[in-house]
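Dear colleague,

I am handing over the structure we spoke of, and below it you will find my notes on what came out of going through it. Please read them with the coordinates open beside you.

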Amino acid sequence: MSPRTHKSVTVRVPAKVNVQLAVGAARADGFHDLANVFLAVSLYDEVTVTPAETLTVTCSGPDADQVPLDRTNLAARAAEILAARNGRSDAVHLHIAKNIPVAGGMAGGSADGAGALLACDALWGLGTPRAQLLEICAELGSDVPFSLVGGAALGTGRGELLTPVEAGTFHWVFAVADGGLSTPAVFREFDRLAEGRSIPVPQAAPALLTALASGDADALAATLANDLQPAALSLRPQLAATLEAGTSAGALATLVSGSGPTTAFLVRDPESALKVAAALEASGTCRTTRTATSPAPGATVLPS
Ligand code: C5P
């Protein structure tokens, strides 16, 4: 079947956790230079595109009411940009089956942008080269290129310049908080907390990269680091209780995921994941939990 005969295309896209997020000083363009070690985890959104009269977005899933359905949605922007670059209409219906926490620091919005881009490319039979897709992803947002490629990667620049890194299998629990945190607000809080201090140039930690490659959970636990964590905790002090509940339940390490407020718990195996998830839910310090493994594949067109 030629791509042009597709009636609809569905793409599955993973969430991410940052096992190291080293943040540099604010740049002239308002962004921060990062050394950002991304891991894709097996929590997925699915984006389905279908030809339509105009560009529309719908969303399903437990947190669907928190997802913007206008052209600010990165999925809609992806369709717009790809259509404009190819001088064609962007009239598609985009449906997002949302499973990644919304505004949670797990790149859920970025996942939908990457997913819509790949899905529209397939629906419209464009065959856009990978390098161009990555360029559009970077235009959409700093985390979007990683949503496309998945796996494990070091992101430099503002996080959009990716180098693949080796990663063994790891098991995770994520605690989803009530309400999101705005990424720009967390970076602003980082700047406020850093005022008057000299900020080193962000660099990936060799010990962390070695631990990641080895698949040794204890070694990774000793090296997890997120420079945005103090800022996220400053804006949302309640997260400290969630982190503590995970530690008490036996997590090997705890971390705010990206800019938060989702918290991530590294555990030894799937059994520990279930135990830590149950304890976190019983603690009353989070809204819900998810378990996942890493690394997970990047955006993938599902068979129709
Ligand atoms: O790239 P993205 O649109 O996801 O970034 C959202 C906001 O997060 C930016 O406007 C900026 O305030 C902040 N940010 C940053 N440095 C980065 C990435 C994001 O300051 N490297």
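I start close to the C-terminal end of the numbered strands, where P295 is found in the loop between β11 (288-294) and β12 (300-301). The peptide bond that leads into this proline from S294 is cis, with omega near -5°. Please keep in mind throughout that this is a predicted model.

A second bond of this kind joins G260 and P261, where the peptide is cis and omega is about 5°. P261 has its place in the loop between β9 (253-256) and β10 (263-267). Both are worth a look, given that most peptide bonds are trans.

P261 also leads to another part of the chain, since it is one of the residues that G104 touches; leaving out residues up to four places away in sequence, G104 meets V176, G180, S257, P261 and T262. G104 itself lies in the loop between β4 (92-97) and α2 (108-123), and it is buried, because 26 other C-beta atoms lie within 10 Å of its own and 20 or more are enough for that class.

The loop that holds G104 has two further residues with an unusual backbone. A103, in the loop between β4 and α2, has a positive phi of about 50° although it is not a glycine, and A107, which is placed in the loop between β4 and α2 as well, has a phi near 65°, again a positive value in a residue other than glycine. For comparison, most residues other than glycine have a negative phi. A103 counts as buried with 20 C-beta neighbours inside 10 Å, and A107 counts as buried with 30 such neighbours inside 10 Å.

The annotation covers this stretch too: an unreviewed UniProt entry lists P101, V102, A103, G104, G105, M106, A107, G108, G109, S110 and A111 under "binding site". Of these, G109 lies in helix α2 and counts as buried, with 26 C-beta neighbours inside 10 Å.

The unreviewed UniProt entry also places the feature "active site" at K16 and D143. How far apart are their C-alpha atoms, given that they span 128 residues in sequence? No two of those C-alpha atoms are more than 9.1 Å apart, so the annotated residues gather at one spot. K16 is found in strand β1, whereas D143 is found in the loop between α3 (130-140) and α4 (144-149). K16 is buried, with 31 other C-beta atoms within 10 Å, and D143 counts as buried with 30 C-beta neighbours inside 10 Å.

The contacts of these two residues tie them to the annotated binding stretch. Leaving aside neighbours within four places in sequence, K16 is in contact with F38, L39, A40, V41, M106, A107, D143 and F146. On the same basis, D143 touches K16, A107, S110 and G159. A107 is therefore a contact of K16 and, on the other side of the pair, a contact of D143.Helix α2 brings in the next point, which is how it packs against α1. Two packed helices are described by the angle between their axes and the distance between the axes. Helix α1 (residues 74-85) and α2 pack at an angle of about 35°, with their axes 7 Å apart, and their crossing is right-handed. From α1, the residues L74, A75, R77, A78, A79 and L82 meet G109, S110, D112, G113, G115, A116, L117, C120 and D121 of α2. Sorted by class, this contact has eight nonpolar, four polar and three charged residues.

On the scale of the whole chain, the domain assignment gives domain 1 (3-165) and domain 2 (170-294). Their centres, taken over C-alpha atoms, are separated by 23 Å, and the contact between them takes 29 residues from domain 1 and 34 residues from domain 2. On the side of domain 1 that touches domain 2, β1 (9-26), β2 (32-51) and β5 (152-156) each supply at least two residues. The residues of that side divide into 21 nonpolar, seven polar and one charged.

Lastly, D216 is found in the loop between α6 (206-214) and α7 (217-221), and it is partly exposed, with 14 other C-beta atoms within 10 Å. D216 and W124 are 92 residues apart in sequence, and their C-alpha atoms are 43 Å apart in space.

With best wishes

Terms used
Residues numbered from 1 in each chain as written. Predicted model: local features only at pLDDT ≥ 70, side-chain atom pairs only at ≥ 80, totals over all residues. UniProt positions renumbered as here; feature names shortened; annotations may be inferred. Helix = DSSP H or I, 4+ residues; strand = E, 2+ residues; numbered from the N terminus. Buried ≥ 20, exposed ≤ 12 C-beta atoms within 10 Å, placed from the backbone. Contact = placed C-beta atoms within 7 Å. Domains from an automatic or database assignment. Nonpolar A, V, L, I, M, F, W, Y, C, P; charged D, E, K, R; others polar. Axes fitted to C-alpha atoms, helices over the stretch in contact; angles between N-to-C directions. Left-handed = near helix turned anticlockwise from the far one by under 90°.
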